[in-house]
Structures are given as C-alpha cells and as structure tokens.
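Reader: Could you walk me through a structure I have just opened? I would like to begin with how its strands are put together.

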Amino acid sequence: MNLTVNGIAREIESAPLTTLLDVLREELGVTSPKVGCEQGGCGSCTVLVDGEPQRACLTAVAAVEGAEVTTVEGIGTADSLSAVQQAFTHHYAAQCGFCTSGMMLAAEAYVQRGGTDDREAIQEALAGHVCRCTGYVKIIDAVAAVARGEEFDITVTAASPGMTNLGGVQ
Amino acid sequence: MKAVGARLPRYDGIEHVTGRTQYVDDVKVPGTLWTKALRSPHHSASFSGLDTSRAEAMPGVHAVITWEDVPLLEYGHLSALGIPADEPLLAKDEVRYKGQPIALVAAEDEDTAQAAVEAIGIEFEERTPLLDIRRAFDEDAPKIHQWGNWYPHFEGEMDRRQIRKGSIEQAFEQADTIVQGVYRPAAIEHVPLETQVSLVVPEANGRLTIYSCTQALYFSMGVVAAHLNVPLNKLKVVGGTVGGGFGGKVDTATETMCALLAQKSGRPVKWRWTREEEFLCSSTRAPWHMEIADAVTKDGWILGRKMLTLHDSGAYARFSPYGLTKHSFHHTGAYTIPNLEFDGFVVFTNRVPTTAMRGFGVTSVSFATETHMSRIAHVLGLDPYEVRLKNANRIGDTSPNRIVYTDPSTVPVVKALAGGMGVELAPDYAAMDREQRTGDLLPEHLVGQLADPEDH
Amino acid sequence: MAVKQGRGIAAIEYPTGMNQNGDPSQAWIKVKPDGRVDVFAGTSDIGNGSKTIQSQIVAETIGVPYDWVTYDNSNTDSSPVCTGTFASRATFVAGKAVEKAAERVRERILDIAGKELEIDPSDLEVVDGEVVAKGAPQKKLGVPDVAAAATWTYGELITGTGAQLKPYAAIVDAETGEVDLPPHSAISYAACAAEVEVDEETGVVQVTRLVQVYDVGRAINPTLVEGQIEGGAIQGLGLGVLENCYPYYPSVEHRGGQFGSYLAPGFEDLPQLDTIIIENPSADGPYGAKGIGEMANNAQPPAIAAAVYDAVGVWVTELPITPEKVLRALEAKAEPVREGKRVTFDAELSVNTVSQGGIAFEVPA
C-alpha cells in the first residue's frame with residue numbers, strides 16, 4: 001500500500017483496516033496527530049487528506065491509498081513556521097497542546113478555502129474540535145488573524161480584546 | 001520589570017505548534033506490551049473463583065496481575081494527612097463500583113490483551129448498592145464500607161467536619177427572616193484530551209522508569225513506592241508535560257499497575273485508557289448535597305449560618321476528607337458571618353470514587369452560598385450588589401476558623417463588577433471599602449466579634 | 001412562550017496552596033560556563049503554563065533575558081520535590097521556590113563580579129544579562145564573563161537552591177474547626193455577572209455573556225492569566241448548564257461514554273467574555289502573585305442560576321440546569337414554604353424529606 005505523508009512517498013506495511021492514526025503514530029512514527037477518543041468525537045487526530053480535514057481515528061488506511069496526507073510536521077518547522085503556527089503562538093491558542101495539532105489543520109483548511117475572520121464562521125468551521133483548556137477564545141483570535149493575513153511577532157503574545165487591567169486595589 | 005508582567009511567549013509554545021511536544025503516548029520503546037483491565041461490571045458485588053490461568057497461558061500474554069501480586073495492597077494516598085488507607089489497588093473479594101479494576105493483562109497487542117481479559121474466570125454475587133447519600137444514614141441502608149457508610153476518622157475520631165462559632169440559636173432568635181435552601185451540584189468529568197496513560201520500563205540496573213501523565217511527579221512516585229514497598233530511588237518518574245489534568249491526574253490510576261506488570265514480565269508496559277474508560281471509570285468531581293439556613297435581618301445582614309453538607313465520595317475515601325475540610329473552611333465565602341454551625345460528612349456510595357477537580361471543595365460551596373445569597377436578596381427585596389457589599393469581609397474580620405483576614409478583596413471586586421455592568425451603586429455603597437470596620441459602619445451583630453487590629 | 005433574558009451575579013473567594021499548607025516545593029539552579037541558566041523544578045505543566053511562569057520569575061530575579069533560561073521539570077532524578085500542580089499553587093508556592101533559588105544565584109553572580117570588578121557587590125546590580133555598577137554604568141561585566149570566571153578562575157559552580165513550605169496549620173479544636181495558623185498561602189477574589197437567554201418553550205438556557213472580575217495579586221504573564229480565565233469560564237459554564245456524569249443522579253444509569261453523550265462545552269457554547277483584572281498583591285507570593293487556576297470555574301454556576309431565576313422566575317439548584325429541569329420547574333411553579341419567619345425553598349430535596357430518619361437538618365420554627 002502506498003501513501004504520501006508530508007510530501008514523502010511511504011510504503012505501508014500495516015493491515016488495510018488499521019486506522020490511519022495508528023499507521024501514522026505506530027508504524028511511521030508521526031506523532032503529532034493524537035489519540036484523544038478513537039470515536040471521532042474530539043478532533044485531536046485530524047489530518048489533511050488531499051487538503052481536506054479528516055478524522056484519522058475513523059479512517060481505515062486502505063480507504064486513503066494513494067492520497068496525500070498532511071500532518072502538522074508537514075506545514076512548518078521551528079525554523080519556518082506557517083502562518084497558522086505563528087498565529088497560534090502569538091495568540092497563545094495552545095495551553096496543554098494536546099488538541100492543537102488537529103485544531104491547526106482544521107484552521108489551515110478553513111483559511112485555504114477562503115475562510116474570513118468572522119468569528120461565527122470560524123466557530124462553525126472548527127465545531128467538533130474539543131478543547132478543554134483554552135475556552136476557545138484565543139483559538140478563534142488566532143484563526144481570525146490568519147484569515148486577515150496578519151503578520152506575527154512571536155516573541156510576545158497578544159492581549160485578549162475583552163480584558164481590562166485596573167491595576168491596584170480600588 | 002523585564003520578564004515579570006510581560007506577555008512573553010510560552011516556554012513550550014513552539015513545541016506545541018510544531019507537534020513536537022512529547023506526551024506519554026508519544027514515547028516509543030521497542031517491545032512495549034499493551035495492557036487491558038478486567039473491570040467490575042457491577043456496582044456492588046462479592047466475587048469468588050478468580051482464575052487467571054487461561055489468560056496467562058494464552059500466546060502473546062506476558063503477565064497477569066491480581067491483588068495477590070501487590071506487595072502493599074492498600075495505601076492511603078493522603079495518609080500523611082491522617083487519612084487512613086481504605087482502597088485496594090486491585091479488588092479483593094468484592095467490588096464496590098462499576099469499572100473497579102480486578103485484574104490486568106500485559107500482552108503483545110491490544111487484541112490479545114482484550115481476549116486474555118475475557119478469558120479470566122470470576123463469579124459475582126451482586127448486592128444492593130447504596131447510591132443516595134441522603135439515605136446512607138438510615139438503618140436499612142446497605143452497609144458498603146468497612147468504616148460504615150461515612151468517614152469516621154476526622155480529628156478526635158469524629159465522624160464529621162464541624163465548624164462552630166458564636167451562637168446560632170441567638171442568631172436565629174434575632175433574625176427577622178430565616179432563608180433555607182438545598183443545593184446539589186453534579187459530578188462532572190475532567191475530560192482531559194489526553195486520557196490516563198503511563199508507560200513503565202524496567203531498566204537493566206533494576207530500576208523502573210515510569211513515564212507518567214501525572215500532575216504530581218513526586219506524589220505519584222510516593223504512591224508507587226509505597227505499593228511496591230521500594231525506596232524512592234528505585235523509581236524514576238518522567239513526565240511534567242500533561243495533556244490536561246484539572247485534578248484528575250493525581251490519583252495515580254495506572255502507574256502502579258504498569259510497574260507491577262513491567263516487573264513481572266520484564267518488558268516495558270503501557271496502559272492507555274480508552275475514552276470510554278476515561279468517561280466511565282476515571283474518578284470524577286464529587287456530587288454534593290448542601291442545605292443552608294441563614295438568619296438574616298430585614299436590611300440584609302446575615303447574622304448566622306447553619307449548614308449541612310453531604311459529600312458523595314463514591315466507593316472509597318481518596319481525597320474526600322481533605323476536600324470537605326477545605327469546603328468547611330470556606331463556607332462563609334467572601335463574607336463575614338459571626339455565628340456558625342456547620343456539619344459536613346464524607347459519605348460513601350457505590351459509584352466511581354470521586355476526587356479533586358478544579359476548585360476542589362470550594363466550587364461546591366461557592367455555588368451553594370452564592371445562589372443562596374441571590375435568594376436572600378430576592379426574598380428581602382434588596383439589591384444583590386448591596387447585600388453582598390454589606391456582608392463583605394473587611395480587614396480585621398475573622399474567618400470561620402478564627403483566622404484574621406488581612407487582605408480581603410470582596411468589596412473591590414464587587415464594585416468593579418458593578419462598574420463593568422454599568423450599575424450605579426447608591427452613594428453609601430459606592431463609598432464602601434475593605435478597610436477595618438469602624439464606628440458607624442460597625443453593625444450591631446458584629447460588635448465584639450472582631451479581632452483587635454493589633455493582634456495581626 | 002418566549003425567550004426571556006436574565007442577569008445574575010456572584011462574588012467568591014478561593015485559597016492559594018493546599019488547605020492547611022504543609023505542601024513543599026523545591027528548586028535548584030545552575031549556571032553554565034557561558035552564563036546561561038538551567039532550572040530544575042518538579043512542577044508538572046498541565047497546560048497552565050508553569051514552565052513559562054517559573055522561567056519568567058527566574059529571568060527577572062537573576063536579571064537575565066528570558067531566553068537564557070532553560071527549564072527542566074522532566075523527571076525525579078534531576079528535579080527536587082514539588083507537591084504537585086493542584087490547589088492553585090504552581091505560581092505562588094512552586095514559583096516562590098524558584099524565586100528563592102534565583103536569588104541565591106544572583107548573590108553568587110554579584111559576589112564573583114564584585115571580585116572581578118573590585119567593587120562591593122552591594123553596589124552592583126544585574127540588568128539584562130550584565131552586572132552593572134549602580135550609578136556608574138560604564139563599569140560592567142557580562143554575566144557570561146562572570147560565569148567563565150567562576151568556572152576557570154575561582155573553581156566555583158554558580159548554583160542556588162530554594163524551598164518553599166508554609167507551615168502546616170493544625171486544627172486545634174475539632175469541635176469548632178479553629179486552626180492555629182492561616183491555612184492558606186493567600187486568598188484570591190472574583191466576581192461574575194452572567195447574562196442568559198432562557199427559551200420558555202424548550203427550557204434551553206443559553207449563556208450569552210459573562211462579565212468577570214478577578215483579583216490575581218500580580219499577573220506574572222497577563223496572557224497566561226487570560227488563558228486561565230477564559231478556560232475556566234467555559235468549564236464553569238459546563239458545570240452550570242451542560243455536564244453531568246450521572247444524568248439521573250443518584251441513579252448510575254445512562255452515563256455518557258462518548259463525546260456525543262457527555263456534553264463537554266464546544267465552540268458553539270462560547271458566550272461573550274468581558275473581564276476586568278485587579279492586582280491587589282499578596283504579601284509574600286513571588287512579585288505579589290496569587291493563585292487563579294481553580295477559582296476561574298467557580299463563579300459562573302451561581303451567577304447563571306440567579307440569571308435563570310431573573311429570566312423565568314424559577315430557581316434550579318440541582319446542576320446542571322438542563323432544559324428538562326427548567327421545564328419541570330416552570331410547570332411546578334414551586335413557591336417556598338413560609339412558616340413564621342422561615343422561608344424554605346427546595347423542601348422536596350432536603351434530607352428531611354428523603355432520608356428515613358437517619359439524618360435531619362433542623363432549623364427552629
């Protein structure tokens with residue numbers, strides 16, 4: 001079985017009904033997609049299959065034979081972060097980081113298909129990705145920023161628009 | 001200040017966005033075995049005939065453990081705080097909650113491990129479970145714990161956590177109104193995106209390396225060391241990077257079992273819970289039952305509070321006595337109430353043991369007392385901000401346990417909230433501050449109750 | 001039948017550190033020959049950002065750039081004890097330990113620099129990775145040069161250790177609950193207003209806005225504090241209106257074993273969040289910090305319950321406030337029992353009603 005993963009052609013040895021998630025993590029050592037639920041319910045396993053977000057935990061590898069699979073490892077590196085990765089860093093959209101890989105790929109696909117900075121549209125596009133840490137606010141901030149084509153200074157993190165600091169005791 | 005107060009990027013930010021952060025399940029060690037557990041299908045049952053021989057004989061199975069393999073079967077995680085042990089690592093003779101682990105199998109792959117679990121022989125005799133904490137004290141309630149149905153080992157072997165201050169009888173007598181209500185927040189799950197997981201590697205020199213998702217490396221190391229009866233340097237706990245915890249990854253739910261399996265098999269052993277196990281078998285936030293009766297004046301002073309708390313500990317104590325104690329210390333919330341009668345019980349039921357979750361002990365009391373405060377305002381026809389500002393603790397007031405408040409911020413946060421909501425407070429209230437009550441601001445009911453400012 | 005709006009408030013407090021204290025955290029720091037700083041602490045980062053906060057505290061305290069600090073919390077061989085990441089103690093208690101260790105390191109750096117520069121250490125300070133004479137900035141020596149001197153001239157490892165332990169506050173009288181010492185490291189405060197829309201026909205409670213005020217003592221990293229506040233708000237919302245392990249509690253039937261059947265909050269549940277931060281510094285936390293992590297999910301449920309009452313005139317005090325509970329309450333239109341000066345809500349839930357005499361809650365008539 002053949003599969004292209006992050007631009008590299010791979011020959012897959014696992015059984016055809018092995019999930020794409022297990023093939024990536026266990027056979028190929030690509031660990032950015034996470035095992036969150038294996039029920040398709042959380043989005044942590046999301047990868048791009050020919051550019052479209054798909055739940056790797058519910059995908060039999062045989063079903064994606066010949067496809068181009070993209071994971072976070074394929075969208076940027078520490079020396080060359082993609083816009084989505086920069087935005088997630090600057091807007092502090094990751095706390096524990098476990099949902100982050102799936103979240104960023106969903107965001108990547110959203111922006112690629114022309115998604116705007118409309119917050120409701122972003123919420124709808126990413127619905128079904130569960131985050132327990134962030135409360136979603138900064139994830140939406142990050143995706144909106146990418147949609148607007150903003151540049152990011154990743155040496156600092158952004159302030160939340162809904163916050164006011166009153167200073168000392170009133 | 002250069003670093004403090006600055007919006008510096010996360011230390012682990014780049015790792016997170018490049019998918020390079022290493023969680024326990026990302027650690028790959030050749031030869032790692034998969035683990036599956038035989039779990040109780042019943043809420044309450046005795047069992048016999050536990051037979052692991054067929055499982056052990058299966059090709060691909062490298063180790064099976066039961067209670068007999070555990071050097072110290074019961075270890076109280078908070079025994080240092082005086083909470084004795086009550087829970088076996090693996091069930092012996094009986095099960096007290098659905099999902100309780102009875103035996104574990106380490107095998108070459110997941111399917112083999114699962115098949116081996118299904119080959120373990122066991123016979124159950126179901127018993128009537130106790131599920132309603134309000135019924136736990138009744139004579140005809142099933143007796144479900146060796147200590148009785150509620151925890152009896154508070155200081156002085158008291159069976160409750162008690163707070164007493166002033167005279168609640170006098171408060172009720174002086175009150176214009178007594179407002180009573182019942183509050184029942186639910187058990188909820190922690191729902192970390194990373195489920196419970198650990199990987200234990202037996203090293204060449206006899207040590208065990210424990211890759212753990214724990215929120216507390218040393219705490220968990222202590223638990224494993226106690227169960228295995230080994231000194232701390234026999235173990236190396238590796239972790240510190242957790243895919244969400246919220247209080248649910250302190251219980252050390254997998255590490256000891258993997259350590260035993262690793263020792264028995266001589267192979268690295270991983271146990272990663274399925275999401276279903278995480279939802280149905282992992283410890284939860286506790287359900288609570290709280291009844292409050294507040295003695296109030298018609299102008300909104302709370303003279304006294306009588307409160308009964310029942311904490312649903314599930315099948316075993318775990319950290320519940322600690323949580324109830326913390327709850328009792330904060331049952332007046334952000335206010336000063338001079339007359340108090342609090343009684344709290346840690347009650348056992350046949351459900352998954354409850355544990356710490358974000359706010360442990362205080363989340364429940366904040367829900368009860370603040371909803372009650374809103375009700376008081378409603379019953380008396382008073383403004384909800386004013387009732388809170390009036391009773392808000394001030395510098396020099398004392399807490400339920402007679403500690404002097406040196407630095408309370410109730411007044412500033414309530415006033416700031418009014419400001420944020422565009423609510424204009426009446427002049428008397430807008431002028432309030434958190435400073436020590438003096439002269440006109442000293443309500444009658446607090447005279448004689450306040451500490452001398454020189455004392456702190 | 002309409003969608004009604006309501007508003008409710010809550011004001012709360014929450015302790016920093018384990019209840020009754022006695023929870024140690026320790027750290028040690030070493031300086032490499034080129035001046036870079038290695039921190040070893042045992043605090044797990046569960047997403048709250050403790051690696052970041054502790055690195056910031058070290059950088060500030062020693063006087064070096066943030067990116068000179070390496071933080072290792074990875075294992076129990078190299079890291080000393082930290083009781084754990086819970087009880088909102090990672091910034092205050094564990095942070096205090098690294099602050100103390102960093103202070104020791106700064107003292108050593110000044111001492112060695114003092115020898116090299118022939119200036120009294122008390123006349124020197126560390127700024128941005130350089131040791132500088134106070135009032136005479138042209139007299140300076142880079143921290144890398146100090147570290148090199150330590151290694152190859154003086155034969156010293158520049159190191160510092162720190163331990164933070166607030167003494168255990170014992171309960172001296174079990175009958176009253178009196179303690180002999182403050183049972184916490186600090187107390188934080190918060191207030192919350194919830195705005196809701198309740199659909200009288202379906203019973204659905206939509207939380208549309210949360211206005212929150214937090215006194216955090218000192219925001220070591222404001223963005224991290226926001227992260228706790230935002231994350232906590234959604235967990236509090238979940239506790240208030242969505243989540244339940246036992247939908248028919250006390251029954252254990254019908255538990256949700258999947259994301260579809262257990263209702264963890266999603267993007268669609270996010271209300272408008274407006275937050276005000278007050279900094280009322282703690283007496284002895286690092287740089288005045290106090291805990292925030294847990295308190296962040298405590299104020300929403302009571303504010304929401306009060307808002308639901310404001311909207312449709314029913315008190316639902318069994319969480320979560322589900323559509324079913326709202327509809328049943330609207331149908332029942334329960335009024336509190338009024339007897340003399342007593343106003344009694346929820347009599348049907350009380351132990352007085354449910355228990356068979358094993359326990360009672362007695363209030364004088």
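Author: Before the details, a definition: strands are DSSP runs of E with at least two residues, numbered from the N terminus, and two of them pair if DSSP finds at least two bridges between them. Please keep in mind that this is a predicted model.

Reader: Fine, so what stands opposite Leu33(B)?

Author: Leu33(B) faces Val269(B), which belongs to strand 12 of chain B. Strand 1 (residues 33-39) and strand 12 (residues 269-272) of chain B run parallel and are joined by two bridges.

Reader: And in what order do the strands of that sheet come?

Author: In chain B, seven strands make up an open sheet with the order 3-5-1-12-9-10-11, and the pairing is mixed. At the edges are strand 3 (61-65) and strand 11 (235-238) of chain B, each of which pairs on one side only, while the twist from one strand to the next averages 20°.

Reader: Which strands does helix 5 of chain B lie across?

Author: Helix 5 (residues 217-228) of chain B lies across strand 10 (208-212) and strand 11 of chain B, and runs at about 145° to strand 11 of chain B.

Reader: Switching to chain A, is Asn165(A) buried or exposed?

Author: Neither, because its relative accessible area of 44% makes Asn165(A) partly exposed, a class that lies between the cut-offs of 20% and 50%. Asn165(A) is located in strand 6 (residues 163-167) of chain A.

Reader: What does Asn165(A) touch?

Author: Leaving aside residues up to four places away in sequence, Asn165(A) touches Ile277(C) and Glu279(C).

Notes: Residues numbered from 1 in each chain as written. Chains lettered and ligands numbered in written order. Predicted model: local features only at pLDDT ≥ 70, side-chain atom pairs only at ≥ 80, totals over all residues. Heavy atoms only, no water. Helix = DSSP H or I, 4+ residues; strand = E, 2+ residues; numbered from the N terminus. Axes fitted to C-alpha atoms, helices over the stretch in contact; angles between N-to-C directions. Contact = heavy atoms within 4.5 Å. Buried < 20%, exposed > 50% of the residue type's maximum accessible area, 1.4 Å probe, protein only.
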